[in-house]
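Biologist: I am new to this structure and would love a close look at one part of it. Could you take me through that part slowly, and then show me what else is there?

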Amino acid sequence: MQKRGIVAAFVIVFMFALIAIYVLVSYGRIQPEDGKICKGVRVDGIEVGGMTADEAIQAIDAHTSGKKNQKIEVDVNGKVVETTVREIGYTLSAGDFLEQAMAVGRGGNMIENYKAIKEAAAGKFNYPVKMELDEKILKEFVKKKCKKLCTQVKNATVKMEEGEF
């Protein structure tokens, strides 16, 4: 009887050891590589997972520079003025996404990291590109390119006749 108890205990310990080895091997396979962003992390919809920090910065710079050169048409009294997002003072920045992206799957214990890695793979980490408008540049654009197209006010009076304007 005592022999059966020892064999049962050995089998249970052996099964727990197998499960622990399986978990460690599985975690090791999905863990992000050193110096690379966890797969599935995105910035403004652009996949940066699996990239190094420098590669991610280059990819985001290329993405935002394309947006900065996007054409805009401004209608001023029926006359169209063409410009780009950059010329009217918009700046695009991914901000401090890099530190946050590099921390995905590395920040806590094994269970927290596993959860973060799985969330990244499901697309739950998407950092936005921030757009900011420099009003000074916008006002300068309006002054230089739009103001000359504006017409001067003619007879700016309002009359009331028979109770109506």
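Is phenylalanine 10 buried or exposed?

Modeller: Happy to help! This is a predicted model, in which local features need pLDDT of at least 70, side-chain atom pairs count only at pLDDT 80 or more, and totals for chains, interfaces and linings use all residues. Residues are numbered from 1 along each chain as its sequence is written, and side-chain values use heavy atoms, with hydrogens and water left out.

Now to your residue. Phenylalanine 10 is exposed, with a relative accessible area of 58%; buried means under 20%, exposed over 50%, and partly exposed in between, using a 1.4 Å probe and protein chains only. A search of the whole structure finds 1 aromatic pair, and phenylalanine 10 forms it with phenylalanine 14. Rings of Phe, Tyr and Trp (its six-membered ring) pair if their centres lie within 6.5 Å; planes under 30 degrees apart count as stacked, over 60 as edge-to-face and the rest as tilted. Here the centres are 6.3 Å apart with 20° between the planes, so the pair is stacked. The two residues are about one helical turn apart, because they sit 4 residues from each other in helix H1 (residues 2–30). Helices (H or I, at least four residues) and strands (E, at least two) are DSSP runs, numbered from the N terminus. As for the partner, phenylalanine 14 is partly exposed at 45% relative accessibility.

For contrast, let us turn to asparagine 113, in helix H4 (residues 110–121). Asparagine 113 is buried, with a relative accessible area of 7%. Beyond its neighbours within four places in sequence, asparagine 113 has contacts (heavy atoms within 4.5 Å) that include Tyr27 and Arg106.

H4 also has a part in the largest nonpolar core, giving it 3 residues, the largest share. Such a core is a set of buried Ala, Val, Leu, Ile, Met, Phe, Trp, Tyr and Cys residues joined through side-chain atoms within 4.5 Å. This one has 18 residues, and Val41, Phe97 and Tyr127 are among those with the most contacts inside it.

Finally, there is a sheet to find. Its 3 strands form an open sheet in the order E2-E1-E6, with mixed pairing; two strands pair if DSSP finds at least two bridges between them. E2 and strand E6 (126–127) are at the edges with a single partner strand each, so one side of each has no neighbour in the sheet. E1 and E2 run antiparallel, joined by 2 bridges. Glycine 45 lies in the loop between strand E1 (42–43) and strand E2 (46–47), and is partly exposed at 40% relative accessible area.
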